[in-house]
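Got the viewer open? Let's take a short walk through the model, with something to select at each stop.

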Protein chains: 2
Amino acid sequence: MSNPSSTADGILACARALIIAGGYNGFSYADIAEVVGIRKASIHHHFPSKVDLVRALVLRYREDAKAGFAALERAADDPRDQLVKYVAYWEKCITDASDPFCVCALMASELPALPPAVAAEVRLHFETLSAWLTSAFERGAASGVFRLSSTPRAEAETFMATVHGGMLSARALGDPALFGTITNSLLNRFQ
Amino acid sequence: MSNPSSTADGILACARALIIAGGYNGFSYADIAEVVGIRKASIHHHFPSKVDLVRALVLRYREDAKAGFAALERAADDPRDQLVKYVAYWEKCITDASDPFCVCALMASELPALPPAVAAEVRLHFETLSAWLTSAFERGAASGVFRLSSTPRAEAETFMATVHGGMLSARALGDPALFGTITNSLLNRFQ
DNA sequence: TTTAGCCTATCTACTAATTGGTAGGTATTG
DNA sequence: CAATACCTACCAATTAGTAGATAGGCTAAA
């Protein structure tokens, strides 16, 4: 049932890669079936509907992200170092093309056309990320590490926007290194 | 043929609104037909294929954008004022929900799944916008208006990323005012 | 130990709806 | 007349989803 490398996991991984490439409407059960080496109907056994599949996928993504934030807090005391490591994580994913876009950022762009159950999960990820970044700026401001020109919340939202926009620019201009250029310039503000 | 409020224009406007809502794969000729009040086949008369339609749409968008940049340069001498007005333009579009997302930013997110002809047009818009912003930062740095902490190009790319990411966050969190919060914080850097 | 029952995972084969697109006809209009 | 704009009526392919069969494995009762 909870086999760590089950067919269900393979379906989720494949769906995630396809969504990252083309969004919710950019893939079909047939696409997954071909990659995973299974018949279309068998996917419905694991995930009765497309909404079930994508909701499960985002749920897992959100849990991984939360675990990632916790790991970053364990890996560094300084909030600035945490932000540096957060950005470095994405820079690696993008430059080695292993995971070149945040699956929630991508689906957020098509949010009005998303099934409500999926849209709600996507929004929750943004809220989680926004809250974690805000807490990082709050801690940094309190300890004197950061000298903020606006509220921690506004700094966090601006930070998040720049990171997501950086993914977009790197993709649009076909230049993965651009993400690093943008995030370096972003992090320079806080030194 | 070049009737300023022709059926073709109505199709383009409708397609644009549908793409802004859900991306390239988020709409069909049937959707447009219903809104415009015409039959599906008639759309093919004006735009033989979906690629033709969307390419024409992005082409027009790019021309409008370029005209907008020229207008901004006419409306203000100070590059900083130009950036303020650029951001204010989008803030208005987003808060009054008339045009809540850049159609090219949206399609950039699904770039790998886009027909190549459309993808190329989208990339050209990013290049144009990036070039205009870079020139604004160059002029501002030369005239002493801006004190930049990295190259004009890097500042421009970071600026563009933050604006696009701001659209994304406003949409994801269902809070149009968030775009203003983010861009205010962005513009504060250059005062 | 064998056997019966059940659960899981997969399959083939289907469905209704939708997709982008075509063929060919009919008005209207310069 | 000839071009433009629109129509009805198709088409093949694809979409998400269903029905029902089969095979294997686990468990519990005879």
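**Stop one: DNA strand D**

Start with H3(B), which supplies four residues, the largest share of the surface near DNA strand D (near means a heavy atom within 4 Å of the strand; helices are DSSP runs of H or I, at least four residues, numbered from the N terminus). Before going further: this is a predicted model, where local features need pLDDT of at least 70 and side-chain atom pairs count only at pLDDT 80 or more, while totals for chains, interfaces and linings use all residues. Residues are numbered from 1 along each chain as its sequence is written, chains are lettered from A and ligands numbered from 1 in the order written, and side-chain values use heavy atoms, with hydrogens and water left out.

Now select A:Lys40, A:Lys50, B:Arg39, B:Ser42 and B:His46: of the 16 residues around strand D, these come nearest. Sugar and phosphate make up 58% of the strand D atoms that come within 4 Å of the protein.

Next, zoom in on the phosphate oxygens of strand D. A polar side-chain atom of B:Ser42 sits 2.6 Å from one, and B:Thr7 also brings a polar side-chain atom, at 2.9 Å from a phosphate oxygen. With A:Tyr29, pick the backbone: a polar atom there is 3.0 Å from a phosphate oxygen.

**Stop two: the cavity**

Hide the DNA. What is the volume of the largest cavity? About 60 Å³ (a cavity is a set of points on a 1 Å grid over the protein atoms alone where a 1.4 Å probe fits but cannot get out; the volume is the space filled by probe spheres set on those points, joined across faces, edges and corners). Select its lining, including A:Phe101, A:His164, B:Phe101 and B:His164 (lining residues have an atom within 4 Å of a point). Helices H6 (103–109) and H8 (152–172) of chain A and of chain B each give two or more residues to that lining.

Technical notes:
On a 1 Å grid over the protein atoms alone, a cavity is a set of points where a 1.4 Å probe fits but cannot get out, and a pocket is an open set with protein on both sides within 12 Å along at least five of seven lines; lining residues have an atom within 4 Å of a point. A polar contact is a pair of N or O atoms within 3.5 Å; within protein, one must be able to donate a hydrogen and the other to accept it, and residues adjacent in sequence count only if both atoms are side-chain atoms.
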